Amino acid sequence: MGRFLFPTAAEESDCPRSSSAVRVATGRLPPTAVSRLVCMLSQLVQGSQITSTAPPEQKNFPRPSVLSLLSSLLLGASMGPFTLAVDVKRSSPFSSDTSKQKMQSLQLAPKKFFASVKADEKPFDFFRTLFEGVIAGGAAGVVVETVLYPIDTIKTRLQAAQGGGKIVLKGLYSGLAGNLAGVLPASAIFVGVYEPTKQKLLRTFPDNLSAVAHLTAGAIGGLAASLIRVPTEVVKQRMQTRQFASAPDAVRLIVSKEGFKGLYAGYGSFLLRDLPFDAIQFCIYEQLRIGYKLAAKRDLNDPENAVIGAFAGALTGAITTPLDVIKTRLMVQGSANQYNGIFDCVQTIVKEEGPRALLKGIGPRVLWIGIGGSIFFSVLESTKRFLAERRPISHPESNSKQE
């Protein structure tokens with residue numbers, strides 16, 4: 001940094017020296033006002049102080065007021081220009097090398113489009129995760145099915161009605177007991193498979209691909225649970241449409257008339273609906289939950305889990321409504337064989353009832369699944385937390401990886 005030489009006045013004051021200096025030159029002008037101004041300004045800049053050639057005994061002087069400072073500035077300006085040179089080479093608390101490194105790290109940081117989690121190096125307990133998933137999933141499934149069964153019944157009757165058929169509002173809990181017998185193991189199997197699969201995939205995939213892990217785990221869990229879900233769904237929907245009076249009678253008559261494969265009527269359409277549904281719903285829920293936890297820097301409480309679950313369920317339910325209509329029609333047709341497969345079902349519905357028929361029951365479905373998602377995920381997380389608090393304490397575990 002260059003230095004300007006000027007004749008010093010006896011009354012000129014000086015600011016203490018430091019590694020960061022401000023050097024002042026005024027040519028032939030009286031330096032008093034200028035040096036005071038520079039000293040005042042230097043005190044406002046962190047790490048910058050004034051260097052002067054005044055005698056050391058004259059370094060202390062009363063700090064000028066703002067008004068006197070402005071007066072000095074005007075006086076100096078009227079008498080001629082002054083030059084201020086500031087050496088800020090070491091005025092910053094950070095070195096230039098550190099700043100360059102930070103800029104490079106910011107530029108090279110990869111952009112992540114999904115919420116990411118860091119893998120826990122400690123291997124997880126597969127059997128404990130499986131056990132806790134079975135208990136939590138079974139509890140959540142039973143609670144949701146019991147609370148929302150009437151809405152599900154209305155939705156099924158709306159979708160099964162052809163043309164201008166009327167909807168019967170009696171017997172809305174018809175088939176609940178038999179359905180719970182299937183929902184309990186189906187939900188237990190789904191979550192029991194989903195949880196350890198998710199944990200394994202999160203440790204296998206890169207951190208920024210957690211969404212893929214959740215999608216895959218949801219599809220695998222749905223596939224495993226479908227072996228119980230489909231017969232349960234067939235019996236439930238036959239009873240909801242008042243074809244049978246009880247679940248045992250439904251199973252016996254379906255097997256006698258249609259064979260064992262009658263219990264798996266519409267299996268392909270069920271997978272077409274439920275595999276995307278499970279994958280999308282759990283992916284949306286998990287991603288929103290991870291993002292919220294990272295933003296809030298704490299665990300979510302039950303109401304927050306319920307709100308996120310409701311949003312994920314309602315959105316997924318609306319997207320998959322056409323698939324649900326097709327699945328319902330194939331399951332309730334019985335031995336009449338009105339539809340010959342999925343594509344024939346779609347063509348027949350669109351031809352005879354119009355494309356809008358594929359959205360039948362979307363209102364009750366979104367309401368049902370939205371509320372169901374709220375209850376299901378709230379109960380699921382509460383049960384998982386309850387079980388986790390009662391694990392035998394061995395040694396502290398890292399919490400860096402959370403679902």
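**View 1. Serine 187 and its glycine neighbours.** In this predicted model, serine 187 touches Gly137, Gly138 and Gly141, leaving aside residues up to four places away in sequence. Serine 187 itself belongs to helix 5, which runs over residues 176-204. Is serine 187 buried or exposed? With a relative accessible area of 12%, serine 187 counts as buried, because that value is under the 20% cut-off.

**View 2. Helix 8 from end to end.** Helix 8 covers residues 267-296, 30 residues in total. What span should we expect for helix 8? At 1.5 Å a residue, helix 8 should span 44 Å, and its end C-alpha atoms lie 42 Å apart, so the two values agree. Just after helix 8 comes lysine 297, and here the backbone has a positive phi, near 60°.

**View 3. The second largest pocket.** Have a look at the second largest pocket, which has a volume of about 300 Å³. Its lining is made up of 17 residues, and the closest to the pocket centre are Ala265, Gly266, Gln333, Gly334 and Asn337. Which elements give two or more residues to this lining? They are helix 7 (247-258) and helix 8.

**View 4. Make-up of the lining of the second largest pocket.** Here helix 8 from View 2 comes back: helix 8 provides the largest share of the lining, three residues. By residue class, the lining of this pocket divides into nine polar, five nonpolar and three charged residues. Gly266 and Gly334, both among the residues closest to the pocket centre, count as polar in this scheme.

Terms used. Residues are numbered from 1 along each chain as its sequence is written. This is a predicted model: local features need pLDDT of at least 70, side-chain atom pairs count only at pLDDT 80 or more; totals for chains, interfaces and linings use all residues. Side-chain values use heavy atoms; hydrogens and water are left out. Helices (H or I, at least four residues) and strands (E, at least two) are DSSP runs, numbered from the N terminus. The expected span of a helix is 1.5 Å times one less than its number of residues. On a 1 Å grid over the protein atoms alone, a cavity is a set of points where a 1.4 Å probe fits but cannot get out, and a pocket is an open set with protein on both sides within 12 Å along at least five of seven lines; lining residues have an atom within 4 Å of a point. Grid points are joined across faces, edges and corners, and a volume is the space filled by probe spheres set on the points. Buried means under 20% relative accessible area, exposed over 50%, partly exposed in between (1.4 Å probe, protein chains only). Contact means heavy atoms within 4.5 Å.
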